[in-house]
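Here are my notes on this model, as numbered points. Please read them with the structure open.

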Amino acid sequence: MSEPLRVGIAGLGTVGVGVVKILTQNADIITARAGRPIEIVAVSARSKGTDRGVDLSSYDWVDNTADLAAHENVDVVVELIGGSEGVAADLVNAAINNSRHVVTANKALVAHHGYDLALQAESKGVSLAYEAAVAGGIPIIKAMREGFAANNIHSVYGILNGTCNYILTMMRETGRDFDDVLQEAQDLGYAESDPTFDIEGIDAAHKLCILTSIAFGVKPDFDAMKIQGISHVNATDIAYATEFGYRIKLLGIARRVNGKIMQILEPCLVPINSPMGIIDDVYNAVYAEGDFVETPLLTGKGAGEGPTASSVVSDIIDIARGFKVPTFGIPAMELSDASWIDLGETRARYYLRLSVIDQPGVVADISAILKEQKISIEGMVQRARAPGQAVPIVLTLHDSRHENVVNAVEAIEKLSVCNEKPCLMRIEEI
Ligand SMILES: NC(=O)c1ccc[n+]([C@@H]2O[C@H](COP(=O)([O-])OP(=O)(O)OC[C@H]3O[C@@H](n4cnc5c(N)ncnc54)[C@H](OP(=O)(O)O)[C@@H]3O)[C@@H](O)[C@H]2O)c1
């Protein structure tokens, strides 16, 4: 039997404890598959005294987490703390500099600093592995980087945040509004007490940024992404989307159009029975379009102790096997700066919900604005009539230029009868 691979784990929260459990409970099968034992030798977190439900007594406890980077018995530093800056970033940087392999579940770190870290890791000849950073238990990094390596990828669509997908699903199933369902998700532990990163789309955007890089061979560029969360989506939108044959999903879209790349993360309408429309609850999914593989769909749990730790350990096993691929699929120094598409020039069909005071001439005013922007209406519903009071008007728009649609929405919002910010969403026919 070969020498064991020696692991140091930084962060013993949900994922860190999961990794300890898998490495101990499944040691035999992991050893057989890795071709050598994988041993935890050191662990670190903020507080030593916390009962974490696992026996850590045989591991070296490292008080100063940063010291794991230079621990003499550690071959692989497993970073499970989180955050794009601070302790996690310092530890990963130092570990790579000390020629230690790094495994992380930290999407924020990879999205913001992945390019520099990959350059550094590849020059040191060590791995920077991050399967768990995108879509938890779904092996999407392996699929994109290895399984689809023979393909020109045209587009990638992702439902990448389980909390948002759960909230949108519950809103549809119960007819309740966003705030109400968010509170329930927090009570059930599906949403953080500060849910901003989830509901404003930041968490999913970190993941999409990584997928864009692998799909198109470009440097991850988080700042180049248009991001919108789900907090403005209400029960009316969900009900009308269903009536029109659609589901509303917080969708990541990375697409190459005429050599330029579009990278957006926002709620979109997708057909009910489409690959993305059928993904409900806390599930994540990634759907890709490649020239030979065609249209694979991968789905599964995108978070949680077991699924996430499973992906972390798969990266550790790869390192034990001596298996290494470039961090983003091609050597980091060959990743290019993406040429980003001008979003204003993109075209799509749209869903538009307005809340307006019901009075004569309103619909004519809205139609005139749309006509001026060369936008044609596909359908319009104004069901409730309440003269003098606010009513929703829901429109679907034919394929239109994005900038024209934005201009029209801004003009409509300025009408004195418009009493709420309009809700505009793309309709994606995937
Ligand atoms: N949870 C998931 O389902 C999931 C899914 C995919 C990816 N991830 C990613 O996995 C990583 C870990 O997530 P998690 O959910 O396991 O987080 P968590 O439960 O909050 O655990 C974080 C751990 O980091 C430790 N820590 C925090 N600040 C520290 C510091 N300054 N120095 C040393 N240790 C520190 C904490 O120590 P104490 O316990 O002593 O406070 C804790 O053990 C994050 O990057 C996250 O984005 C999580």
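1. Start with K249, which sits in strand β9 (residues 246-257). The model is a predicted one, and the lysine is worth a look in it. Is K249 buried or exposed? Buried: its relative accessibility is 1%, and the cut-off for that label is under 20%. A polar atom of the K249 side chain has a partner in the backbone oxygen of I279, at 2.6 Å.

2. Next, helix α10, which spans residues 235-243. Its buried residues are A235, D237, I238, Y240 and A241. An aspartate is thus on that list, as D237. At the start of the helix, N234 contributes a side-chain oxygen, which comes within 2.9 Å of the backbone nitrogen of T236. Just after the helix comes G245, with a positive phi of about 95°.

3. Helix α7 covers residues 178-187. Four residues to check here are F178, V181, L182 and A185, which are buried. Why do they lie on the same side of α7? Because the arc they cover around the axis is only 105°. The general rule is that an α-helix has 3.6 residues a turn, so residues three or four places apart point the same way. Now turn the helix over. The face directed away from the buried side of α7 carries D179 and D187, both exposed.

4. Now the sheet. In what order do the six strands of the open sheet run? The order is β3-β2-β1-β4-β5-β6, and the pairing is parallel. At the edges are β3 and β6, each of which pairs on one side only. Strand β6 is made of residues 128-129.

5. Take strand β2, residues 38-44. It is mostly covered, with six of its seven residues buried. On one side β2 pairs with β1 (residues 5-10), in the parallel sense, through six bridges. One pair to display is V7 with its bridge partner I40 in β2. Strand β2 also pairs with β3 (residues 60-61), again parallel, through two bridges. Here A42 has D60 of β3 as its bridge partner.

6. Then the β6 edge. Strand β5 (residues 101-104) runs parallel to β6, and two bridges join them. The residue to pick out is V103, whose bridge partner in β6 is A129.

7. Last, the ligand. How many residues surround it? There are 21, and the closest are L12, V15, S47, R52 and G304. By class, this shell holds nine nonpolar, nine polar and three charged residues.

8. Three backbone contacts to the ligand deserve a check. An oxygen atom of the ligand lies 3.0 Å from a backbone N or O atom of G13. For S47, a polar backbone atom is 2.8 Å from a ligand oxygen. For G304, the distance from a backbone N or O atom to an oxygen atom of the ligand is 2.7 Å. As for cover, the ligand taken alone exposes 900 Å², of which the protein buries 75%.

Notes:
Residues numbered from 1 in each chain as written. Predicted model: local features only at pLDDT ≥ 70, side-chain atom pairs only at ≥ 80, totals over all residues. Heavy atoms only, no water. Buried < 20%, exposed > 50% of the residue type's maximum accessible area, 1.4 Å probe, protein only. Pairing = 2+ DSSP bridges. Near = heavy atom within 4 Å. Polar contact = N/O pair within 3.5 Å; in protein donor to acceptor, adjacent residues only side chain to side chain. Areas by Shrake-Rupley, 256 points an atom, 1.4 Å probe, with all protein chains shown as cover. Nonpolar A, V, L, I, M, F, W, Y, C, P; charged D, E, K, R; others polar. Arc of directions from axis to C-beta.
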